[in-house]
Amino acid sequence: MTANSTFHMWNLTINASTWFPPDATPNATTAPPVTGVSQVYVILGTLFFSLIIVVGLVGNTLIVATLSRWWEMRTPCNLLIANICAADLGVCVLAAPLRIIEFYLGWPFGDALCQILFPLQDVFVCVSVVTQTVIAVERHRAIASPFKPTLSLRRVSMIVPVMWVACYATAGVPMLLFIKVTLFPDRLFYCFPVFSSDGYRIAYEVYLVILFITLPLVVQSVAYFDIIRLLRAKDEMQVPNSSMRKTINDRVRQRKHLVRMLVVLMLAFQICYLPRGVIMLLHEFSPETTLKPDFMYVNLITLAMYYIKHVINPKKKNQKKVGKWGYG
């Protein structure tokens with residue numbers, strides 16, 4: 001490892017406390033990851049990630065078990081929901097425990113598992129986000145063009161593995177180009193991206209923010225806002241036959257419930273994901289801000305929000321199971 005190598009510990013799911021300034025090297029006096037942070041920070045981080053593991057594991061497992069038990073629930077939408085659960089279980093079972101281990105032991109698993117496990121963390125996040133985006137687009141298509149055929153169970157069964165391969169290609173493979181296990185002065189090994197220049201690092205961070213945070217947020221928001229517009233337009237239609245008024249009123253109530261649910265979905269995505277992207281960009285373009293002593297707690301809060309999405313997903317998944325594509 002050369003003295004001018006650039007270290008930067010940020011990816012979508014990595015612990016915020018493991019960030020190094022751009023000039024850090026294994027031989028430098030810079031403290032290794034986690035070393036030097038307060039015990040309060042370590043305790044808070046441990047408690048938070050432990051909660052993520054328990055709640056996320058129970059919630060997502062119950063959803064998968066429910067969808068697997070009842071044959072009538074094996075619909076295209078529910079298959080996508082099960083795919084989100086599988087990805088979220090990966091976050092809760094793999095990424096969150098690794099964050100706790102990182103607090104105390106660094107990376108004790110060696111080079112091979114670093115190359116395998118570390119990239120998978122972002123792959124799980126990618127699959128979860130992409131699947132939610134597909135559901136949003138399909139919901140919009142069903143509302144905007146209700147007479148066109150919907151996604152079939154067979155087609156969704158083909159789409160799901162393609163999602164995983166595509167996410168590994170776009171999120172996992174780029175990480176493999178930079179990931180390394182390095183020994184630091186505290187005699188602990190750490191697994192993280194090592195960039196040969198600032199340009200590569202900045203390009204990689206911007207790539208992550210655009211592809212896995214900004215783009216899905218824009219697509220989902222546009223789809224859901226247009227669904228809300230279309231539903232409101234239908235609510236304003238005049239009912240020509242008074243005998244149909246009760247049926248129409250029932251549908252209006254269902255649509256209002258759906259509108260509220262869609263607003264919650266959009267807000268949850270934006271609140272949980274946007275701060276993470278902002279922090280990643282601040283590390284690149286305003287490093288003096290992120291080097292302030294108390295900023296590590298801002299890091300932890302935004303990371304907590306990012307992980308919480310994979311815990312609150314089970315509640316949102318339950319809400320989605322209304323009708324074939326969750327429209328009511």
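**Salt bridges, aromatic pairs and nonpolar cores**

Arg 99 and Glu 102 both belong to helix α2, where 3 residues, about one turn of the helix, separate them. The model is predicted, and in it these two residues form a salt bridge whose closest N and O atoms are 3.5 Å apart. Arg 99 is buried, with a relative accessible area of 1%, and Glu 102, at 6%, also counts as buried. Both values fall in the buried class because that class takes in residues under 20% relative accessible area.

The whole structure contains 4 salt bridges. Another of them joins the side chains of Arg 141 and Glu 138, with an N to O distance of 3.1 Å. These residues are 3 apart in helix α3, which corresponds to about one helical turn, and both are buried. In helix α5, Arg 229 and Asp 226 likewise lie 3 residues apart, separated by about one helical turn. Their side chains meet in a salt bridge at 2.7 Å, N to O. Arg 229 has a relative accessible area of 48% and is partly exposed; the value does not reach the exposed class because that class requires over 50%.

The chain has 328 residues, of which 49% count as buried. Its secondary structure consists of 8 helices and 3 strands, arranged along the sequence in the pattern β-α-α-α-α-β-β-α-α-α-α.

Nonpolar side chains tend to be buried together in soluble globular proteins. In the present model, the largest nonpolar core has 47 residues, and those with the most contacts inside it are Phe 49, Ile 52, Tyr 273 and Tyr 307. Two or more residues of this core come from each of the helices α1, α2 (76-105), α3 (110-144), α4 (153-176), α5 (198-235), α6 (245-285) and α8, and from strand β3 (189-195). A second core, separate from this one, has 13 residues, among them Cys 77, Ile 81, Ile 135 and Met 163.

Ring contacts were examined next. The structure holds 16 aromatic pairs. One of these is formed by Phe 49 and Tyr 307, with an edge-to-face geometry, a centre-to-centre distance of 5.2 Å and an angle of 80 degrees between the planes. The pair links distant parts of the chain, since Phe 49 lies in helix α1 (residues 39-69) and Tyr 307 in helix α8 (residues 295-320), 258 residues apart. Phe 49 is buried, with a relative accessible area of 0%, and Tyr 307 counts as buried at 1%.

A further pair is made by Tyr 207 and Phe 212, whose ring centres lie 6.1 Å apart; their planes are at 85 degrees, so this pair too is edge-to-face. The assignment follows because ring centres within 6.5 Å count as a pair, and planes over 60 degrees apart as edge-to-face. The two partners fall into separate accessibility classes: Tyr 207 is partly exposed, with a relative accessible area of 29%, whereas Phe 212 is buried, at 5%.

Ring pairs also build a cluster, which consists of Tyr 41, Phe 48, Phe 49, Phe 103, Tyr 104, Tyr 297 and Tyr 307. Phe 49 and Tyr 307 thus appear both in this cluster and among the residues with the most contacts inside the largest nonpolar core. A contact between a charge and a ring is found at Tyr 306, where the charged end of Arg 276 sits over the ring at 5.9 Å from its centre.

On the surface, Leu 51, Val 54, Val 55, Val 58 and Leu 62 make a nonpolar patch of about 450 Å². Leu 51 is located in helix α1, the helix that also contains Phe 49. With a relative accessible area of 53%, Leu 51 is exposed, in contrast to the buried Phe 49. In sequence, Leu 51 and Val 311 are 260 residues apart, while the distance between their C-alpha atoms is 9.4 Å.

How values were computed: Residues are numbered from 1 along each chain as its sequence is written. This is a predicted model: local features need pLDDT of at least 70, side-chain atom pairs count only at pLDDT 80 or more; totals for chains, interfaces and linings use all residues. Side-chain values use heavy atoms; hydrogens and water are left out. Rings of Phe, Tyr and Trp (its six-membered ring) pair if their centres lie within 6.5 Å; planes under 30 degrees apart count as stacked, over 60 as edge-to-face and the rest as tilted. Helices (H or I, at least four residues) and strands (E, at least two) are DSSP runs, numbered from the N terminus. Buried means under 20% relative accessible area, exposed over 50%, partly exposed in between (1.4 Å probe, protein chains only). A charge sits over a ring if NZ of Lys or CZ of Arg is within 6 Å of the ring centre and within 35 degrees of the ring normal. Patches are made of residues with over 30% relative accessible area and no salt bridge: like charges are joined within 9 Å, nonpolar side chains (Val, Leu, Ile, Met, Phe, Trp, Tyr) within 5 Å. Accessible areas come from the Shrake-Rupley method with a 1.4 Å probe; for residues, only the protein chains shown count as cover. A nonpolar core is a set of buried Ala, Val, Leu, Ile, Met, Phe, Trp, Tyr and Cys residues joined through side-chain atoms within 4.5 Å.
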